[in-house]
Amino acid sequence: VVRLYEKAREVFPSSSLALYQDGVLNDGRLGSYLALIADLQERGLVDSISISARHMEAGDLSFVSRNLDRLAATGLPIYVSQFTVDIIDDQEHLSRFAEVFELLANHTGVRGITFWGYREGRLESTNAYLLRSDGSHRPALDWLMEYIDLPLPS
């Protein structure tokens, strides 16, 4: 990995290099990811961290928060990708979606959140959609639009 980042820095010296890892938010693999980040930082080869937030329907959010704190301690900006909450019941989906999204969005180290997708039938996770195939909104989409201060369609 180090050699790849050395080559990327050599070939694209003005590009921003991010290191991506899946699943470290809610499992125990964060230690090895942090070690790799530290190695790349020492060499000036990484500019940001990218982490996946797929399948956030379960898990202890205090654990997720601690992992975000540990990542933020590197001093690198954190970009969250592939955010999904796969719950069939609309109210349960809304509750968990809002809880996780607020945790991510309000963390000082997180600079951005990208969804894995949002349209029903176009996601790997069957019940993680925000927009139904008929164009109607799940409650979590209305909540999100209000949270980020976007006007709701009439």
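Modeller: Contact here means heavy atoms within 4.5 Å. The model under discussion is predicted.

Colleague: Which residues does F83 touch, not counting residues up to four places away in sequence?

Modeller: F83 is among the residues with the most contacts inside the largest nonpolar core, together with Y33, I51 and L71. Leaving aside residues up to four places away in sequence, F83 touches A53, M56, F97, V100, F101, L104, I113, T114, F115 and W116.

Colleague: Which helix gives the most to the largest nonpolar core, and with how many residues?

Modeller: The largest nonpolar core has 40 residues. At least two residues of this core come from each of helix 1 (2–11), helix 2, strand 2, helix 3, strand 3, helix 4 and helix 5 (139–147). In soluble globular proteins, nonpolar side chains tend to be buried together. The element that gives the most to this core is helix 4, with six residues.

Colleague: What is the order of the strands in the open sheet?

Modeller: Strand 1 and strand 2 run parallel and are joined by four bridges, with Y20 partnered by S50 of strand 2. Strand 3 and strand 4 also pair in the parallel sense over four bridges, and I78 has V110 in strand 4 as its bridge partner. The open sheet has four strands with parallel pairing, in the order 1-2-3-4.

Colleague: Which strands stand at the edges of the sheet?

Modeller: The order of the four strands is 1-2-3-4. An edge strand here has a single partner strand, so one of its sides is left without a neighbour in the sheet. The strands in this position are strand 1 (18–21) and strand 4.

Colleague: Are the two faces of strand 2 covered or uncovered?

Modeller: In a regular strand the side chains alternate between the two faces of the sheet. On one side of strand 2 lie S48, S50 and S52, and on the other I49 and I51. These residues are all buried, so by the criterion of under 20% relative accessible area, both faces of strand 2 are covered.

Colleague: Where around helix 3 do its buried residues lie?

Modeller: The buried residues of helix 3 are L61, V64, N67, L68 and L71. Their arc around the axis is only 115°, which puts them on the same side of helix 3. They pack against helix 2 (30–42), strand 2 (48–52), strand 3 (78–83), helix 4 (90–106) and strand 4 (110–115). The buried residues thus lie on the same side of helix 3.

Colleague: At about what angle does helix 4 run to strand 4?

Modeller: Helix 4 lies across strand 3 and strand 4. Its angle to strand 4 is about 145°.

Note on methods: Residues are numbered from 1 along each chain as its sequence is written. This is a predicted model: local features need pLDDT of at least 70, side-chain atom pairs count only at pLDDT 80 or more; totals for chains, interfaces and linings use all residues. Side-chain values use heavy atoms; hydrogens and water are left out. Buried means under 20% relative accessible area, exposed over 50%, partly exposed in between (1.4 Å probe, protein chains only). The arc is that of the directions from the helix axis to the C-beta atoms. Two strands pair if DSSP finds at least two bridges between them. Axes are lines fitted to C-alpha atoms, for helices over the stretch in contact, and angles run from 0 to 180 degrees between N-to-C directions. A nonpolar core is a set of buried Ala, Val, Leu, Ile, Met, Phe, Trp, Tyr and Cys residues joined through side-chain atoms within 4.5 Å.
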